[in-house]
Amino acid sequence: MDKEQSTMKYRILPLIPLRGMTVFPHMVIHFDVGRDKSIKALDQAMVDDSLIFLCTQRDARTEDPGIDEFYHIGTVAKIKQMLKLPGGSIRVLVEGIDRGEVVEILDEDEYFESKIEVFQYEPEEITIDKQIEGAMRLVITDFEEYLVLNNKLSPDILLAIADIEDPGRLADVIASYISFKIEEHQEILETFDFYERLEVLHRLLKEEIELLEIEDKINKRVKKQITKVQKEYYLKEQMKAIQKELGEDGELAEEIEKYREEIDGIDMPEEVRQKALKELDRLNRMSPQFAETAVIRTYLDWIVELPWDKETEDKIDIKKARDILNQDHYGLEDVKERILEFIAIRKLATRLKGPILCLVGPPGVGKTSIAKSIARALGREFVRMSLGGMRDEAEIRGHRKTYVGAMPGRIISSMRKAGVKNPVFLFDEIDKLDTGFRGDPASALLEVLDPEQNVTFTDHFLEVPFDLSKVLFVTTANTVNSIPRALLDRMEVIRIGGYTEEEKLRIAIDYLLPKQLKEHGLEEGNLGISENAIRSIVNHYTREAGVRTLERNIANICRKAAKRIVESNVKRVRINVGNLHRYLGVPKYRFDIQEKEDQIGVATGLAWTAFGGDTLSIEVNSMKGTGKLQLTGQLGEVMKESAMAGISYIRANSDSLGIDDGFYKDMDIHVHVPEGAIPKDGPSAGITMTTAAISALTNVPVARDIAMTGEVTLRGRVLPVGGIKEKTLAANRMGIKRILIPFENDKDLEEVPTKIRNKMDFILVKNMDQVLEHSLLKEEDSHENN
Ligand code: ADP
């Protein structure tokens, strides 16, 4: 197969001229990039599809090579991994793919943007005739001979080439192992015809073997009769080779020495030290051309940078801890008390392994920031790792070194980031962990959290245990329902509910605004936001249980205010209800979204989801049909059953409700709950669905100013439900003042903040009759609707 037989295509690729090395197709190798132009080329490659064209400089010493100062035949390569090195240069791991030739340089200002003709061929389509087969055997024998003489390369390499059937690839792979001169490597790269390529390689290998034999003889001090001219010639060549080797070896020796000193300087477990020294020894014996050296370097870098012996000292002072929690958070009194107890226990029994805290609540209620405060209160470092959507065990535990581009998992990466072995380590969104296909991340996590096992946590990449027992783990979740049971058993759950309007106002004024002012480099005098403006942000620009969007809106205002102050030289910006829209745009929510009119077949329920409380408008249509019940809007199983229980109740009581008792045969009923972003389930919409259905079947409208929650039984009894506080807050956010709740939930009203409780009209109900009495409009009002 030659150049003409391969399929050609053109690609536009960034080009990097390499100094003193040639990359062949199929070769995995790393090199360091420091020149500005080359870094720009890398950046461009990463923006595109990680492909780059690598060719070799004619003279390695040229600092800024022009178009004619590098070879135009090179290799298209894929970037596998990049590592920033101290001093701004970048270590790149690449894999050669196909030969290519520069057709045209399109731009050379920023980097060499080049049009490349890429040569590809299908290995299956190659015919191997006797001639080629003979040449392949010949170079394999040469290579074996070479390996016997060269003690720097491991004989194992033969195994790697044994299976190669593609003659071109065989020549390339062998060539990549041998430190030929640049021109010689280039000659092999530029020989497209397979047979010729093998021939060139054979010639070069023979020369190399001859040199090695001479070297061998000199080393053994065996002198043979060589003519003076020959001897001089060979000795000179030999000197050159030795000097070259010495130059490189010198650099390598320095690097090895540096690693050795670093390893010596760290107090690490003996097992780890032995393993690190063993890897160091392997690096020492390996040819620098060999791709695996990159993996060993990465490995050693991780070993010397992990905090084996670094730890902070706990400062446990309950009074100070309380101050810190108060400085960072408004309210949350019982949460703070629980945390202080937790800290106090650690003080009393330092070696006792307390349970792992799990902060549960809707987004933006301060879970993360509480965890940060725990770290601050203890004087510990803080790291955070999100588990959302994680489904591959390797993300936690890393990939084995044999995997291309392998790295330690995120636990070990986070420990390196923490820089100490006893940080506060936050696992965010533990309820979003995917029980995946590839290994089970939950069981890996269980091991991490288990004090019996985490002393010897072993990452696949590191292969040696790292002690996690001093880490203080904290987790967060939106809901406990989807936390794997085994994990939940290990944790102490602390719930954080949502905030009321008043609480949000206080948090905004005392915490969020000062924090954002500081972050935007503003003084308190520069920006004033009136209390009513903040109230308006809470009501008209956000609809949330926490304060995350509220904070984002305040940050927005700060950014725009800072811009005005800098650009228009104003001293002070004041925000009030009147000019708020100029900073935040039109209001996103109407405060009062209650239906304007009393409607038939529509009732307002109250839901409690992972994101806090919410109102839920449930719609029911009834029409002539065959008795089908249709439920739409992503309802969970429990919710469907609850709708069916409601319909059964209606059937059993159709007489007293004034509904034609044949309705379940001649009518279709369609229950719809507008989808929203959050999946809904649970029995607590029972009375709402039943009310909406009765309204639809009787044509009696439902009062629009009322919201309700409660489970319904087949016999129409109303059973208690959860989340009364959150649901009440949600109703309040929507401007609803009358709420129907199950009689047995009476005791939960204590949890509702007094201010809100006083504003609300709670109606306690025991059965469906009472629900209907309050929610359906009286007959005389509804006649006109009939
Ligand atoms: P979560 O982790 O629960 O989603 P965050 O901790 O990220 O929430 O909180 C969002 C923002 O709101 C943070 O800036 C946090 O400091 C602030 N915040 C939340 N609750 C309070 C509170 N009670 N007092 C002061 N700031 C709070």
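## Close-up views of the ligand site and two sheets

**View 1. Polar side chains at the ligand.** A polar side-chain atom of Lys515 is placed 2.5 Å from an oxygen atom of the ligand. The coordinates are those of a predicted model. Arg548 also brings a polar side-chain atom to an oxygen atom of the ligand, at a distance of 2.3 Å. For Tyr499, the ligand partner is a nitrogen atom, which lies 2.9 Å from a polar side-chain atom of this residue. The protein buries 91% of the 560 Å² that the ligand exposes when taken alone.

**View 2. The shell around the ligand.** The ligand is surrounded by 20 residues, of which Lys367, Thr368, Lys515, Arg548 and Glu551 are the closest. By class, ten residues of this shell are nonpolar, five are polar and five are charged. Helix H17 contributes the most to the shell, namely four residues. The elements that supply two or more residues are helix H12 (367-378), helix H17 (501-519) and helix H19 (548-568).

**View 3. The five-stranded open sheet.** The strands of this open sheet follow the order S8-S9-S12-S7-S13, and their pairing is parallel. Strand S8 (382-386) and strand S13 (491-495) form the edges, each pairing on one side only. From one strand to the next, the twist averages 25 degrees. At the S13 edge, strand S7 (residues 356-360) and S13 run parallel and are joined by five bridges. Within this pair, Cys358 has Val493 in S13 as its bridge partner.

**View 4. Helices H11 and H15 across the five-stranded sheet.** Helix H11 (residues 333-348) lies across S7, strand S12 (472-477) and S13. The angle at which H11 runs to S13 is about 150 degrees. Helix H15 (residues 441-449) lies across S7, strand S9 (424-428) and S12. In this case the angle refers to S9, to which H15 runs at about 160 degrees. S7 and S12 are thus crossed by H11 and also by H15.

**View 5. The seven-stranded open sheet.** Seven strands make up an open sheet with mixed pairing, in the order S18-S19-S17-S16-S20-S23-S24. Its edge strands, strand S18 (629-632) and strand S24 (761-765), each pair on one side only. The twist from one strand to the next averages 30 degrees.

**View 6. Strand pairing around S17 and S16.** Eight bridges connect strand S16 (residues 602-609) with strand S17 (residues 612-624), and the two strands pair in the antiparallel sense. Here Trp608 stands opposite Gly613 in S17. S17 also pairs with strand S19 (residues 667-672), again in the antiparallel sense, over six bridges. In that pairing, Glu619 is found opposite His672 in S19. A parallel arrangement occurs between S16 and strand S20 (residues 706-708), which are joined by two bridges. Met708 in S20 is the bridge partner of Gly605.

**View 7. Helices H24 and H25 across the seven-stranded sheet.** Helix H24 (residues 686-698) lies across S16, S17, S19 and S20. Relative to S17, H24 runs at about 30 degrees. Helix H25 (residues 724-733) lies across S16, S17, strand S23 (738-742) and S24. H25 runs at about 75 degrees to S17. Both S16 and S17 are therefore crossed in this view by H24 and by H25.

Note on methods: Residues are numbered from 1 along each chain as its sequence is written. This is a predicted model: local features need pLDDT of at least 70, side-chain atom pairs count only at pLDDT 80 or more; totals for chains, interfaces and linings use all residues. Side-chain values use heavy atoms; hydrogens and water are left out. A residue is near a molecule or strand if one of its heavy atoms lies within 4 Å of it. A polar contact is a pair of N or O atoms within 3.5 Å; within protein, one must be able to donate a hydrogen and the other to accept it, and residues adjacent in sequence count only if both atoms are side-chain atoms. Accessible areas come from the Shrake-Rupley method with a 1.4 Å probe; for residues, only the protein chains shown count as cover. Ala, Val, Leu, Ile, Met, Phe, Trp, Tyr, Cys and Pro count as nonpolar, Asp, Glu, Lys and Arg as charged, and the others, Gly among them, as polar. Two strands pair if DSSP finds at least two bridges between them. Axes are lines fitted to C-alpha atoms, for helices over the stretch in contact, and angles run from 0 to 180 degrees between N-to-C directions. Contact means heavy atoms within 4.5 Å.
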